[in-house]
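Work through the exercises below with the sequence and the 3D structure at hand. Each task is followed by a solution in steps.

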Amino acid sequence: MKIYGSFTSPFVRHCRIALLETDIFCEFIEIDPAQSAQMSPTKKVPLLVDGDLTLTDSSSILRYIREKSGSPFLPELLDFELFNMTNTVMDACVNIFYLEKFDNITVEKSSYLTRQKARVLSGLEALNEAELSVQLPLTDGLTRLACFLDWGIYRDRICLKKLTNLTRLLDVARTDKNFIKTVPPING
Ligand SMILES: N[C@@H](CCC(=O)N[C@@H](CS)C(=O)NCC(=O)O)C(=O)O
């Protein structure tokens, strides 16, 4: 089994954490955006290949990893909602990041990006107000959110100053050995 990705992507990080938690052997192959554009029809990472099976989204990859190790994937409705809402907010944030990085299009220059930014802010507030039961091991909904928060801070995209529940979640996640092992590299 091989997983293709980057060491900075929060979507890839969640898969790497799941692999470490389940002890499933999977070779990690680092690829850049040009390679992912060639290898995956979605032109995104992560990408998992296991024999004839190709999975192009972190959600299906996580389900495959969890089920292979005998655990259900996101069995609780509210944890599933947390996972999905985090994905929506994270996609918006990643979008803003890429447009700025590759095309120098900033939020101020685009009304759609202004909407994306508002989505990130209102999403973070709602996530902060959700009643999260934070303890290790984190559920997949909480792991998803922690990967997003850590990436957002790493890329200087979010501020958690007034978001105390999210700060607490990240503090707990940062004590987890697999979260620590998958921390994004400096200058990544
Ligand atoms: N829905 C996808 C999203 C993955 C994603 O957005 N990956 C980013 C890296 S963080 C990417 O490869 N982006 C490349 C691009 O947008 O061209 C998943 O969950 O796997």
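A residue is called buried under 20% relative accessible area, exposed over 50%, and partly exposed in between. By that scale Arg-63 is partly exposed, with a relative accessible area of 48%. The model used throughout is predicted.

**Exercise 1. Salt bridges of helix α3**

Task: Classify Glu-67 by its relative accessibility, and find the residue with which Arg-63 forms a salt bridge.

Solution.
1. Glu-67 has 43% relative accessibility and therefore counts as partly exposed.
2. The partner of Arg-63 is Glu-67, with 3.0 Å between the closest N and O atoms.
3. Arg-63 and Glu-67 are 4 residues apart in helix α3, so about one helical turn separates them.

Task: Which parts of the chain does the salt bridge between Asp-50 and Lys-68 tie together?

Solution.
1. The side chains of Asp-50 and Lys-68 form a salt bridge with an N to O distance of 4.0 Å.
2. Asp-50 belongs to strand β3 (residues 47-50) and Lys-68 to helix α3 (residues 58-68), so the bridge ties together parts 18 residues apart in sequence.
3. Asp-50, at 23% relative accessibility, is partly exposed; Lys-68, at 46%, is also partly exposed.

Task: Are Arg-66 and Asp-140 buried or exposed, and how far apart in sequence are the parts that they join?

Solution.
1. Arg-66 and Asp-140 form a salt bridge whose closest N and O atoms are 2.8 Å apart.
2. Arg-66 is in helix α3 and Asp-140 in helix α6 (residues 140-154), so the parts tied together lie 74 residues apart in sequence.
3. Both residues are buried.

**Exercise 2. Arg-13 and its surroundings**

Task: Describe the location and contacts of Arg-13.

Solution.
1. Arg-13 is part of helix α1, and its relative accessible area of 3% makes Arg-13 buried.
2. Salt bridges with shared partners link Arg-13, Asp-150 and Arg-174 into one network. The whole structure has 7 salt bridges.
3. The side chains of Arg-13 and Thr-182 make a polar contact at 3.0 Å.
4. Leaving out residues up to four places away in sequence, Arg-13 touches Cys-147, Asp-150, Phe-179, Thr-182, Val-183 and Pro-184.

**Exercise 3. Nonpolar cores**

Task: Which element gives the most residues to the largest nonpolar core?

Solution.
1. The largest nonpolar core has 31 residues; Val-120, Leu-124, Leu-145, Phe-148, Leu-149, Ile-158 and Leu-166 have the most contacts inside it.
2. Two or more residues come from each of α1 (10-22), α4 (77-103), α5 (111-129), α6 and α7 (164-173).
3. Of these, α4 gives the most, with 8 residues.
4. Beyond its neighbours within four places in sequence, Leu-149 contacts Leu-124, Ile-158, Leu-160, Leu-166, Leu-169 and Leu-170.
5. Another core lies apart from this one; its 14 residues include Ile-3, Cys-15, Leu-62 and Phe-73.

**Exercise 4. The ligand**

Task: Which residues surround the ligand, and what percentage of its area does the protein bury?

Solution.
1. The surrounding residues are Ser-9, Pro-10, Phe-11, Lys-43, Lys-44, Val-45, Pro-46, Asp-57, Ser-58, Tyr-98 and Arg-144.
2. A polar backbone atom of Val-45 is 2.9 Å from a ligand nitrogen atom.
3. A ligand nitrogen atom lies 2.8 Å from a polar side-chain atom of Asp-57.
4. An N or O atom in the side chain of Ser-58 is 2.6 Å from a ligand oxygen atom.
5. The ligand taken alone exposes 520 Å², of which the protein buries 79%.

Methods
Residues numbered from 1 in each chain as written. Predicted model: local features only at pLDDT ≥ 70, side-chain atom pairs only at ≥ 80, totals over all residues. Heavy atoms only, no water. Buried < 20%, exposed > 50% of the residue type's maximum accessible area, 1.4 Å probe, protein only. Core = buried A, V, L, I, M, F, W, Y, C linked by side-chain atoms within 4.5 Å. Contact = heavy atoms within 4.5 Å. Near = heavy atom within 4 Å. Polar contact = N/O pair within 3.5 Å; in protein donor to acceptor, adjacent residues only side chain to side chain. Areas by Shrake-Rupley, 256 points an atom, 1.4 Å probe, with all protein chains shown as cover.
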